[in-house]
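The following paragraphs go through one chain, from its overall make-up to its sheets, its core and its ligand site.

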Amino acid sequence: MPTNMSIDSDASDLGRGANNEADTVSELDDSRPSRGFSETSSGKHLEQEGGLPAGETSADVKERLQQAGCSTQSVHAGEKRQKAEGSISAPIFTASTFTFESTDSLMRFVEGKEDRDEYGRYGTPNERTCEAKLAALEGAEEAIIYSSGMAAIVGLLMSRLSAGDEIVFFDQCYHRSREFCAKHLARFGVVTREVPTGDFDAMEAAINSNTKMLVSESPTNPHLTAVDLEKFVALGKATEVETLIDATLATPFNLRPIEYGVDFVLHSATKYLGGHNDLLAGVICGRSEALEPVRSLRGILGSVNSAHNMYLLERGLKTFELRMQRHNENGQRIAEFLEQHPRVERVYYPGLTSHPTHEIAASQMPGFGGLITFLVKDADWKKTSQIVDAAKIPRIAPSLGGVESLIEQPLVMSYFHCTPEERARFGIYDNMIRMSCGIENAEDLIADLKQALEA
Ligand SMILES: Cc1ncc(COP(=O)(O)O)c(C=O)c1O
């Protein structure tokens, strides 16, 4: 190699081989494996010493875990068999950067011959472990973790949409996701259309040649409307438009969107996946090829997590199935209790036959989670708030899906600054209460709600 070779021409040799024309580092970036590219779900990073069980390749591990049950996946996916110092729990790698023992080793990395970490913005060991667990749970080729659920949706949409593109939402989707599109993506020339949730004729009518993504949540928040995934995917396929499901309320335990053919699945991991009301995170799952530019943009946006945060998520995921079983049981029992209580006008819970989308939910979901919304009979907002205040076990807070039960009045918590017309449009009533049932004992939660309703 000539001694006077510039950094640029060095780099061009590395990135494109001997005959390339590239003469700048930035040109080269396109030809390298995307920075932070993770072979998470293939388990390649497990191949390092001590990573694999005797006699198994990373492909064997992946196949075995794909067939395994939910808890086997969430406990073991993405984990090395033998960790540093023999530690059974995950070491927390706080490093912001990762060292190379020599230029040869750096060259192997930039040539895409070695899969490893480089710089924290492109991915870290603790994040990879969680990504492998989430990909396994979701039955997805790959998962990408973000610093919050909102960062995940922003990251996905920014990478998939360009000026002139259009996106169609069902109108009960998370209001901040819709706000991001309507207020912010609009400034970059992306058009957002909203149609009534579950109205596939309206969704089809809103699709045109510029439409690039169909977005739905299932079930929705706070009305717990289940969306028919077969119809949703069929519409996307017929019109050649990608589909995105925000399955935060369902989780991969209660809904398997990828098995229906949905392209991208989003979760606020802040909720059931973390499960302990102690972290913020988000995840997008899907096909590796479709996620490659998404991961690449995440490396630029920098919406990544600290290793400590990822340790909490990893720890939370290990008990995911056990927690979900309890959330489902508590949700169903408490919804049934509320439905027969004389002070309750209406209960929104997809596990009740009275819910308008019960049949869809029952055909797609083995359980319905811990979130319940209900209306108090003959109550104004003040009387409703007295019930919220009288509850002794659930805490008053936004969010859902944690081990502690939470209770709130959507009118005050999330829609206080909306006009009455806007609230009416969103279906938010003065006498509405939303409760996220935690994992406490159902009898205790029922007794507490009974005394609060009868106080
Ligand atoms: C259904 C749904 N999607 C996305 C989000 C955003 O997640 P995060 O708060 O982790 O940014 C939320 C938050 O409440 C949500 O309820």
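Among contacts in the chain between residues at least 6 apart in sequence, 71% join residues at least 24 apart. The model is a predicted one. Its secondary structure comes to 20 helices and twelve strands. Of the chain's 455 residues, 44% count as buried.

One of the sheets is open and has seven strands, in the order β1-β7-β6-β5-β4-β2-β3, with mixed pairing. The edges are taken by β1 (142-146) and β3 (191-195); each has a single partner strand, so one side of each is left without a neighbour in the sheet. From one strand to the next, the twist averages 20°. Within this order, β4 (residues 211-217) and β5 (residues 242-246) run parallel and are joined by five bridges. Glu217 stands opposite Asp246 of β5. Helix α8 (residues 175-184) packs on the sheet, where it touches β2 (166-170), β3 and β5. The direction of α8 makes about 140° with that of β3.

Another open sheet has five strands, ordered β8-β9-β12-β11-β10, and its pairing is also mixed. Here the edge strands are β8 (344-348) and β10 (395-396), each of which pairs on one side only. Helix α15 (residues 320-340) packs on this sheet and touches β8 and β9 (371-376). The direction of α15 makes about 10° with that of β9. Elsewhere in the sheet, β11 (residues 406-408) and β12 (residues 432-436) pair in the antiparallel sense, over three bridges. Ile407 has Met435 in β12 as its bridge partner.

Next comes the nonpolar interior. The largest nonpolar core has 99 residues, and those touching the most other members are Val265, Val283, Ile284, Cys285, Leu313 and Ile372. Which residues does Val283 touch, not counting those up to four places away in sequence? They are Leu134, Ala143, Ile144, Ile145, Tyr146, Ala152, His267 and Ala269. Of these contacts, Ala143, Ile144, Ile145 and Tyr146 fall within the range of the edge strand β1 (142-146). Ile372, another of the core residues with the most contacts to other members, falls within the range of β9 (371-376) in the five-stranded sheet.

The last site is that of the ligand. It is surrounded by 13 residues, the closest being Ser148, Gly149, Met150, Ser268 and Thr270. By class, the shell has seven polar, four nonpolar and two charged residues.

Note on methods:
Residues numbered from 1 in each chain as written. Predicted model: local features only at pLDDT ≥ 70, side-chain atom pairs only at ≥ 80, totals over all residues. Pairing = 2+ DSSP bridges. Helix = DSSP H or I, 4+ residues; strand = E, 2+ residues; numbered from the N terminus. Contact = placed C-beta atoms within 7 Å. Axes fitted to C-alpha atoms, helices over the stretch in contact; angles between N-to-C directions. Near = placed C-beta within 6 Å. Nonpolar A, V, L, I, M, F, W, Y, C, P; charged D, E, K, R; others polar. Core = buried A, V, L, I, M, F, W, Y, C linked by C-beta atoms within 7 Å. Buried ≥ 20, exposed ≤ 12 C-beta atoms within 10 Å, placed from the backbone.
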